[in-house]
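Hi,

Here is the structure I promised to pass on. Have a look at it first, and then read my notes underneath.

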Amino acid sequence: MKLITRNDEKVISFFNSMNRIYESLKKLEEIKPLFNGERYLTDKQLSQKLNISRRTLQDYRTKGMLSYIMIGGKVLYKESDIQKMLDNAYLKAWKENNI
């Protein structure tokens, strides 16, 4: 009878598969259901994605830089509106060799 250890090929393959499944499940947690074909982000989610404070988001709303929805004190942002804003703010490199 063969002794199975953690160095066994089948054991390694099993744990590699489990790691891939775990990573796939983590990605699923990030997926938000669509509402009428659109994803919405909360203040907290958007500030984390953009790596800015929630106060900065408040300033952007006040200055009219961000479109948003306010329902009962809760602020939501359309993901597509945020992407448009980022695309419009994108400044392309004007120099060919940036080295």
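Below is what turned up, going region by region. One thing to keep in mind from the start: this is a predicted model.

Let's begin with helix α1, which covers residues 9–30 and is where Met 18 sits. Met 18 belongs to a nonpolar patch on the surface, together with Phe 14, Phe 15, Ile 21 and Leu 25. The patch comes to about 510 Å². Two of its members can be described a bit further: Met 18 has a relative accessible area of 39%, which makes it partly exposed, and Phe 14 is partly exposed too, at 46%.

How many aromatic pairs does the count come to? Just one. It is formed by Phe 14 and Phe 15, whose ring centres are 5.2 Å apart. Their planes stand at 80°, and over 60 counts as edge-to-face, so that is what this pair is.

There is also a contact between a charge and a ring. The charged end of Arg 61 sits over the ring of Tyr 68, at 5.5 Å from the ring's centre.

Now for the strands. Strand β3 (residues 74–78) pairs with β1 (residues 40–42) in the antiparallel sense, over three bridges. In β3, Tyr 77 is the residue that stands opposite Leu 41. Strand β2 (residues 69–71) is also paired with β3, again antiparallel and over three bridges, and here Met 70 stands opposite Val 75 of β3.

Val 75 and Tyr 77 come up again when you look at the two faces of β3: they make up the covered face. Lys 74, Leu 76 and Lys 78 are on the uncovered one.

β2 and β3 form a hairpin with two residues between the strands. Gly 72 takes a positive phi there, near 55°.

That brings me to a backbone detail elsewhere. Most residues other than glycine have a negative phi. Which residue other than glycine has a positive value, near 55°? Asn 51 does. You'll find Asn 51 in the loop between α2 (43–50) and α3 (54–62). Is Asn 51 buried or exposed? Its relative accessibility is 71%, and the cut-off for exposed is over 50%, so Asn 51 counts as exposed.

If you want a place to start in the viewer, try Phe 14: it is part of both the surface patch and the edge-to-face pair. After that, go to β3, which pairs with β1 as well as with β2.

Cheers

Technical notes. Residues numbered from 1 in each chain as written. Predicted model: local features only at pLDDT ≥ 70, side-chain atom pairs only at ≥ 80, totals over all residues. Heavy atoms only, no water. Patch = residues over 30% accessible without salt bridge, like charges linked within 9 Å, V, L, I, M, F, W, Y side chains within 5 Å. Areas by Shrake-Rupley, 256 points an atom, 1.4 Å probe, with all protein chains shown as cover. Salt bridge = Lys/Arg side-chain N within 4 Å of Asp/Glu carboxyl O. Helix = DSSP H or I, 4+ residues; strand = E, 2+ residues; numbered from the N terminus. Buried < 20%, exposed > 50% of the residue type's maximum accessible area, 1.4 Å probe, protein only. Pairing = 2+ DSSP bridges. Phe/Tyr/Trp six-rings, centres within 6.5 Å; stacked < 30°, edge-to-face > 60°. Lys NZ or Arg CZ within 6 Å of the ring centre and 35° of its normal.
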